[in-house]
Amino acid sequence: MHLFRSGEHIQRWLAGREPGATIPVTTLSELAHAWWGDRLSPDWRPHTQDHNQAILNRLGLTGAFWRLSHDRGSLPPEYRG
Amino acid sequence: MNEDDLALRNLTYARFAQIGRAPTAAEIADASGRDQAEVAAGWERLHAEHALVLDPATGGIRMANPFSAVPTPFRVHAAGRWWYANCAWDAFGICAALHEDGQIQASCPDCAEPLRISVQDELPHDPSLRFHCLVPAARWWDDIVFT
């Protein structure tokens, strides 16, 4: 999970490898604040998978790549590992 | 996660933020009234539940996400200290967890150009940068250090 100067730099770095997902750094910051903002709360409790999926969905991070499901049978073959 | 393990997790995170590094099992034992073996066993359960990540060689904390216990290429200055993050996402996560503005230092993996990002009011000052995630979400925990 890296930051790049631009999409062109990502393509060059991938060097023909299958790409993952690219998002603007502004979306990353929103994601990080929604995902990690409660980590030091004295009342912290684990996020459910549904909670985390809702964070991704709210930011438009949808589709098979962003699916947290542990039911890998439901994923495209390239994402099952 | 039972209430005892939840309390252990929250104490471990609080102490990490307080001292600016991963606490040892002995330090958490002293702070919690548990013995060291109980802390280590609790950390193992928290590791299994992805609530923190242990170093398999030492049993010590490797990650208390978004914080890294070991040096990484992602440094964050926030709340008057330097921190290490596990990845670019976690670098922003450190500002988020601390509820602080910050300065992130990383580099572009393609050209090695240093990247200096100011985070103010949850926003990066340079919106032109791009984040790339190579591993799909369903596989993030297959190898969290690689992810």
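This is a guided tour of a predicted model, moving from chain B as a whole to the contact between the chains and then to a helix of chain A.

Begin by selecting chain B alone and colouring it by secondary structure, which should bring out four helices and nine strands. Followed from the N terminus, the elements of chain B run α-α-α-β-β-β-β-β-α-β-β-β-β. The radius of gyration of chain B is 16 Å, close to the 15 Å that the globule rule gives for 147 residues, so chain B is as compact as a globular protein of that length. If you align the view with the principal axes, the C-alpha trace of chain B spans about 50 × 35 × 25 Å. Of the 147 residues in chain B, 40% are buried, and among its contacts with a separation of 6 or more, 30% are made by residues 24 or more positions apart.

Next, bring chain A back into view and select the residues at the contact, to which chain A gives 42 residues and chain B gives 42 residues. On the side of chain B that touches chain A, at least two residues each come from helix H1 (3–19), helix H4 (88–98), strand S7 (114–120), strand S8 (123–124) and S9. The largest share of that side, seven residues, is supplied by H4(B). Colouring the side of chain B that touches chain A by residue class gives 31 nonpolar, five polar and six charged residues.

Now select S1(A), S9(B) and S2(A) together, since this is where the two chains share a sheet: an open one of three strands in the order S1(A)-S9(B)-S2(A), with antiparallel pairing. Strand S1 (2–4) and strand S2 (21–24) of chain A stand at the edges and have a single partner strand each, so one side of each is left without a neighbour in the sheet. Ignoring direction, neighbouring strands of this sheet are turned by 30° against each other on average.

Zoom in on the pairing of S2(A) with strand S9 (residues 130–133) of chain B, where four bridges join the antiparallel strands and Ile23(A) stands opposite Phe131(B). Then move to the pairing of S1(A) with S9(B), also antiparallel and joined by three bridges, where His2(A) has His132(B) as its bridge partner.

Finally, select helix H3 (residues 49–58) of chain A. How many of its ten residues are buried? The count is zero, and the helix is hardly covered. Step past the end of H3(A) to Gly60(A), which follows the helix and has a positive phi, near 80°.

Conventions
Residues numbered from 1 in each chain as written. Chains lettered and ligands numbered in written order. Predicted model: local features only at pLDDT ≥ 70, side-chain atom pairs only at ≥ 80, totals over all residues. Buried ≥ 20, exposed ≤ 12 C-beta atoms within 10 Å, placed from the backbone. Pairing = 2+ DSSP bridges. Axes fitted to C-alpha atoms, helices over the stretch in contact; angles between N-to-C directions. Contact = placed C-beta atoms within 7 Å. Nonpolar A, V, L, I, M, F, W, Y, C, P; charged D, E, K, R; others polar. Rg over C-alpha atoms; globule rule 2.2 N^0.38 Å.
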